[in-house]
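Work through the exercises below with the sequence and the 3D view open. Try each task before reading its solution.

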Amino acid sequence: MKYSLSQFRANHAPFTLAGMILVGALFLFARPALSESVFEAPFEPAKCGERLNRLYDGDFDQFWNYVLRQGYTGVSEFAWSTPEMPGESSEEWRVRAYQCVLEVERANHHDDRPEIQYALGYFLWFGTTSLGYDKEPDGKPGIRERGYRLLSETAADGYKPAKETIIQVHLEMVQSVDQRIAYAARAGKTVTLPDWWPDRDRLILSLDRAAKSGFSSAYLAISSIYSERALLVGATGHDHNGNPATSPDPRLISAAKAYRKAWEENRTAPVTPAPSPAT
């Protein structure tokens, strides 16, 4: 029986999202002090909507409550919740709504508390998926790259919610590249990846380190990567590196099962920090 990639995701969604569920209880943070307004006339913050207006003041409580209900895939709806104004064209709204999103970043960028930097990174990465991964016109990091850097930095600093979230982010990054390469190869095309994008093997290695440090959801993430790589062959006739293939490498299936088993055996284990490098 053949399965499509969409069927695979539908059947495995509860497991792929397991790592994100672990973060839920950590999402309620104390409201920081009001930040100085970042708006300049004629831009009117009140027209950005009630949701984003809270974020300008550093209040992410409503945002996290929304994430708990809708999941990370609903963050884009929250980020682009700016209401349309009478007589406003779709393009005019999009330009203004994007400015509203950017103002959230500007208003909170200099607040160096990990919970705020993490919330901002989460908002930027998951809230702007429709914008892709491109740089700014002047060559500076684009909005999703900036979100990824915030998440990576807070995770590297040991902030536990960010360490859980970066597992999901790295899973998505690997699968995105795998899919783009395989489908492009089927169409006889090549893929150009963003120059800031981490190498897939390095991302999988980071997931393996996270799993061995006690973040069991990383085991499930790696299992999902190998499972989908096997399915890509049936869907595209090419492997995740763009090479023609008639059947998946059996090692992918074995590895997927092994990591799934590791997740089942360790999913209730307490998180322990990774050992510090020798000095």
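A disulfide is a pair of cysteine sulfur atoms within 2.5 Å. Keep in mind that this is a predicted model.

**Exercise 1. The disulfide**

Find how many disulfides the structure holds, then work out the handedness and what is tied together.

Solution.
- Step 1. Count. The structure holds one disulfide.
- Step 2. Apply the cut-off. The sulfur atoms of Cys48 and Cys100 are 2.0 Å apart, and the limit is 2.5 Å.
- Step 3. Place the two ends. Cys48 lies in the loop between helix H2 (18-21) and helix H3 (50-56), while Cys100 belongs to helix H6 (residues 90-108), so the pair ties together parts that are 52 residues apart in sequence.
- Step 4. Read the torsion. About the S-S bond of Cys48 and Cys100 it is about -75°, so the disulfide is left-handed.
- Step 5. Check burial. Cys48 has a relative accessible area of 1% and is buried. Cys100 is buried too, at 0%.

**Exercise 2. Two aromatic pairs**

Classify the ring pairs Tyr72 with Phe126 and Tyr133 with Trp197.

Solution.
- Step 1. Set the scene. The structure holds 22 aromatic pairs.
- Step 2. Take Tyr72 and Phe126. Their ring centres are 5.1 Å apart, with 50° between the planes; the pair is tilted.
- Step 3. Locate this pair. Tyr72 is in the loop between helix H4 (61-70) and helix H5 (75-79), and Phe126 is in helix H7 (residues 114-127). The pair links distant parts of the chain, 54 residues apart.
- Step 4. Check its burial. Tyr72 is buried, with a relative accessible area of 11%. Phe126 counts as buried at 4%.
- Step 5. Turn to Tyr133 and Trp197. The centres are 4.5 Å apart and the planes lie at 80°, so this pair is edge-to-face. The cut-off for that class is over 60 degrees.
- Step 6. Locate the second pair. Tyr133 sits in the loop between H7 and helix H8 (143-156), and Trp197 in the loop between helix H9 (160-186) and helix H10 (200-212). They are 64 residues apart.
- Step 7. Check its burial. Tyr133 is partly exposed at 21%, whereas Trp197 is buried at 10%.

**Exercise 3. Cluster and core**

Which residues have the most contacts inside the largest nonpolar core? Trace what Phe123 touches.

Solution.
- Step 1. Size the core. The largest nonpolar core has 66 residues.
- Step 2. Name its best-connected members. Leu52, Phe63, Tyr122 and Phe123 have the most contacts inside it.
- Step 3. Look at the rings. One aromatic cluster includes Phe63, Tyr72, Tyr122, Phe123 and Phe126.
- Step 4. Follow Phe123. Beyond four places in sequence, its contacts include Leu52, Phe63, Phe78 and Val101.

**Exercise 4. Arginines over rings**

Which rings lie under Arg94 and Arg144?

Solution.
- Step 1. Arg94 has its charged end over the ring of Trp80, 5.2 Å from the centre.
- Step 2. Arg144 lies over the face of Trp125, at 3.9 Å from the ring centre.

**Exercise 5. Around Glu145 and Trp197**

Describe the surroundings of Glu145 and Trp197, and find the separation of their C-alpha atoms.

Solution.
- Step 1. Trp197 and Glu145 are 52 residues apart along the chain, and their C-alpha atoms are separated by 8.6 Å.
- Step 2. Glu145 lies in helix H8. At 1% relative accessibility, it counts as buried.
- Step 3. The side chain of Glu145 makes a polar contact of 2.7 Å with that of Arg149.
- Step 4. Leaving out residues up to four places away in sequence, Glu145 touches Lys135 and Trp196.
- Step 5. With the same exclusion, Trp197 touches Tyr133, Met173 and Val177.

**Exercise 6. His240**

Is His240 buried or exposed, and which side chain does it meet in a polar contact?

Solution.
- Step 1. His240 is found in the loop between helix H11 (217-236) and helix H12 (250-266).
- Step 2. Its relative accessibility is 13%, so His240 counts as buried. The cut-off is under 20%.
- Step 3. A polar contact of 3.5 Å joins the side chains of His240 and Arg229.
- Step 4. His240 also touches other residues beyond four places in sequence, among them Asp178, Ile181, Arg200 and Leu232.

Note on methods
Residues numbered from 1 in each chain as written. Predicted model: local features only at pLDDT ≥ 70, side-chain atom pairs only at ≥ 80, totals over all residues. Heavy atoms only, no water. Helix = DSSP H or I, 4+ residues; strand = E, 2+ residues; numbered from the N terminus. Buried < 20%, exposed > 50% of the residue type's maximum accessible area, 1.4 Å probe, protein only. Polar contact = N/O pair within 3.5 Å; in protein donor to acceptor, adjacent residues only side chain to side chain. Contact = heavy atoms within 4.5 Å. Phe/Tyr/Trp six-rings, centres within 6.5 Å; stacked < 30°, edge-to-face > 60°. Lys NZ or Arg CZ within 6 Å of the ring centre and 35° of its normal. Core = buried A, V, L, I, M, F, W, Y, C linked by side-chain atoms within 4.5 Å.
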